[in-house]
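Visitor: Please show me the structure, and then I will ask about it piece by piece.

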Amino acid sequence: MKHSELSLFKEKSQKITCLTAYDASMAKILDQAGIDSILIGDSLGMVVQGGENTRSVSMNDMIYHTSIVSGACSNALIIADMPFNSYNNPKDALNNAKALINAGARMVKLEGGSEHTEVIKTLISNNINVFGHLGLQPQLVVSSDDYRVQGRDEDSAKTIISNAILLESLGVSALVLECIPSDLAKTVSEKLKIPTVGIGAGSDCDGQVLVSYDMLGITKGKQPRFVRNFLNNQNSISDAVETFIAEVKEGNFPSQSESY
Ligand code: KIV
């Protein structure tokens, strides 16, 4: 799928499905199950490398995982996360984004809003397709206590809305909304022409993303309420992924009790 097709999904009111992959075997399963897009997330810092947060992930890590995931896929749109400290200024951001595109990504995702205006302008004017990420920004999380629902008060909700509008006006193609109240995600999704892809942001987003290790029950410990174990009652990982796709497409995931 091409990045430009993301907006067509929204125009046709079809939900976008996205899961993370970090290796060729999982990427092949997701691709063959018919997932629309695959994110090589810097969540690999936790789920693959066993770290506390995403901050230790390097550009070399992202290039390596992007190249093996993209090499295993024929259909899904491949999105690679720009890791912490890789987009501190427009010049570094452009070099690093180009390296991820050369490794096989069709789009790069970066966290944050107006503070990255110059970076985003530079990437887009150099034909790099950008996926935004607002709400909870995992790269700002240092300890597990920092995982909190964002945008609950009026001021922070307004900031998320204004950043979303700004990112769209800069030419960003789509937007992850993480861990925000579903009412706020609905407002943002209605205000934008570009699609929103939610994680812990309710069912009114234009698509849904989960960390594959979470939705397969591999991640241990207490899970946030937006994580559903899709492997429950299924015979294989492929069946679990197909169930995720069907539940998102039909608007059955997330439910109200899986939202804020
Ligand atoms: O790194 C990641 O897996 C992500 C998702 C949580 C959206 O950014």
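Guide: One term comes up at once. A pocket is an open set of points on a 1 Å grid over the protein atoms alone, where a 1.4 Å probe fits, with protein on both sides within 12 Å along at least five of seven lines; lining residues have an atom within 4 Å of a point. This is a predicted model, where local features need pLDDT of at least 70, side-chain atom pairs count only at pLDDT 80 or more, and totals for chains, interfaces and linings use all residues. Residues are numbered from 1 along each chain as its sequence is written, and side-chain values use heavy atoms, without hydrogens or water.

Visitor: How much space lies in the second largest pocket?
Guide: A volume here is the space filled by probe spheres set on grid points joined across faces, edges and corners. For the second largest pocket it comes to about 260 Å³.

Visitor: Which residues lie closest to the centre of that second largest pocket?
Guide: Its lining holds 18 residues. The closest to the centre are G135, L136, Q137, L140 and Q150.

Visitor: Which element gives the most to the lining of the second largest pocket?
Guide: Helices (H or I, at least four residues) and strands (E, at least two) are DSSP runs, numbered from the N terminus. β5 (130–135) and α7 (154–170) each supply at least two lining residues. With four residues, the top contributor is α7.

Visitor: What is the volume of the largest pocket, and which residues are closest to its centre?
Guide: The largest pocket has a volume of about 730 Å³. Of its 36 lining residues, the closest to the centre are M46, Y147, E178, V211 and D214.

Visitor: How many charged residues are in the lining of the largest pocket?
Guide: Elements that each supply at least two lining residues are α3 (44–47), β6 (174–178) and β8 (207–210). Asp, Glu, Lys and Arg count as charged; Ala, Val, Leu, Ile, Met, Phe, Trp, Tyr, Cys and Pro as nonpolar; the others, Gly among them, as polar. The lining has 17 nonpolar residues, nine polar ones and, as charged residues, 10.

Visitor: Where does the ligand sit?
Guide: A molecule sits in a pocket if more than half of its atoms lie within 2 Å of its grid points. By that test, the ligand takes up the largest pocket.

Visitor: How much of the ligand does the protein bury?
Guide: Residues around the ligand (a heavy atom within 4 Å) include T20, S43 and H133. Polar contacts (N or O pairs within 3.5 Å) link ligand oxygen atoms to the side chains of D42 at 3.1 Å, D81 at 3.1 Å and K109 at 2.8 Å. Taken alone, the ligand exposes 260 Å² (Shrake-Rupley, 1.4 Å probe), and the buried share is 96%.

Visitor: Which residue does a cis peptide bond join to F253?
Guide: Omega is about 0 degrees at this bond. The partner, in the segment after α10 (237–249), is P254.

Notes:
A polar contact is a pair of N or O atoms within 3.5 Å; within protein, one must be able to donate a hydrogen and the other to accept it, and residues adjacent in sequence count only if both atoms are side-chain atoms.
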